[in-house]
Amino acid sequence: MPELHLGNAFDDGAADFERLAPSLWNPMGNALVAAADIALGDRVLDAGCGSGATTIPAAQFAGPDGLVDGVDLSARMLSLTQAKADTLALSNVYLAQADITAWTAEAPYDAVVCAYSLFFLPDMDAGAAHLASLLRSGGRFALSTWAEGSWEPFRELLWKACLQERPELETLPQPGADNVQRLQTPEKLASWLESLGLTDITVAATPGRVQLSPSLAWSLVLGGGYRMLLPEDPAAVDRVRTAFLAELGDDFELNADTLIATAVRP
């Protein structure tokens, strides 16, 4: 993932991202870690760890004799994760600002978890294959991704508002969106994991609903990948915000339906 502007976007949006942790990232992170079936003493890689929604519960499951490597492009996200680990006195968490597609380790992992990150990779297939290669034989690969229909009409309304200020978006490639579509049904996700050579594949549909005030809705835009759709001019950003929130309304329920998949490296 050489495009460091993605890391910069999450650096700039870290505080806004964290506002959604209690209602969105933490519950889904806990569900993903539970699916990964992490045991005491396990070595775990949290690929694209963000602010620690998966890192922290993974470290708690692995225990003091285990290890969790959290890797992310965003220094500010990593600082949030470190603060949480320090608060809970988790000495088995090791964080690195690095490209997950080039990450290497001294020994194979028992589990690799990846929460809502794979679809950001420029070459998702190669990146996922690399992460799977870091597992021991019998190791578990666990990921979460957005289900078909999630984020609508939130995404559509934001896209409409951004196009008013940035009409060139229509002609720009959107690899992240294309990758999400490749994984958005249980059948597609299971088939894709099978194409990586993984076995014992399970995919669980995990419903998610989050009530958003206008302030939280805008934090959701600023705190994630959608931030990169916004224009550079602050006045134009204000116009996008006004138009978007007017369409969204004062009490919006976000569809955050998620697919959580697990697979095993033979």
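These are my notebook entries from a look through this predicted model.

**Overall build**

I started with the whole chain. I counted secondary structure and got 11 helices and nine strands in the protein chain. Next I checked how the chain packs: its radius of gyration is 18 Å, close to the 18 Å that the globule rule gives for 266 residues, so the chain is as compact as a globular protein of that length. For the extents I took the principal axes, and the C-alpha atoms fill a box of roughly 50 × 40 × 30 Å.

Burial came next. Of the 266 residues, 53% are buried. I also looked at contacts between residues at least 6 apart in sequence, and 82% of those join residues at least 24 apart.

**The annotated span**

I pulled the UniProt record, an unreviewed entry, and it lists "domain: Methyltransferase" for residues 44-139. In the model, the C-alpha atoms at the two ends of residues 44-139 sit 10 Å apart. The same span comes out as 32% helix and 28% strand.

**Strand S4 and its partners**

I then went to S4, residues 109-115. How many of its residues are buried? Seven of seven, so I have S4 down as mostly covered, given that buried means under 20% relative accessible area.

Which strands does S4 pair with? One partner is S1 (residues 43-47), parallel to S4 and joined over three bridges. On that side I found Val 44 opposite Ala 111 in S4. Another partner is S5 (residues 135-146), which also runs parallel to S4, with six bridges between them. There, Cys 114 stands opposite Leu 143 in S5. I traced the connection too: the chain leaves S4, passes through helix H6 (residues 124-133) and arrives at S5, making a right-handed β-α-β crossover.

**Cysteines**

Since Cys 114 had come up, I checked for disulfides and found zero in the structure. Why does Cys 114 have no bond? The closest cysteine sulfur to its own is in Cys 49, and that is 10 Å away, too far for a bond; the cut-off is 2.5 Å. Cys 114 has a relative accessibility of 1%, so I count it as buried. I looked at Cys 162 as well; its value is 0%, which means buried again.

**Backbone oddities**

Last, I scanned the backbone for unusual angles. Most residues other than glycine have a negative phi, and most peptide bonds are trans. I noted three places that go the other way.

- Which peptide bond is cis? The one from Glu 152 to Pro 153, with omega near 5 degrees. I placed Pro 153 in the loop between S5 and helix H7 (154-165).
- Asp 37 has a positive phi, near 55 degrees, though it is a residue other than glycine. I found Asp 37 in the loop between helix H3 (21-36) and S1. Is Asp 37 buried or exposed? Its relative accessible area is 54%, so Asp 37 is exposed.
- Asp 200 also has a positive phi, near 50 degrees. Where is Asp 200 placed? I found Asp 200 in strand S6 (residues 199-206). Its relative accessibility is 59%, so Asp 200 counts as exposed.

Key:
Residues numbered from 1 in each chain as written. Predicted model: local features only at pLDDT ≥ 70, side-chain atom pairs only at ≥ 80, totals over all residues. Heavy atoms only, no water. UniProt positions renumbered as here; feature names shortened; annotations may be inferred. Helix = DSSP H or I, 4+ residues; strand = E, 2+ residues; numbered from the N terminus. Buried < 20%, exposed > 50% of the residue type's maximum accessible area, 1.4 Å probe, protein only. Pairing = 2+ DSSP bridges. Right-handed = clockwise from strand over helix to strand, strands pointing away. Rg over C-alpha atoms; globule rule 2.2 N^0.38 Å. Contact = heavy atoms within 4.5 Å.
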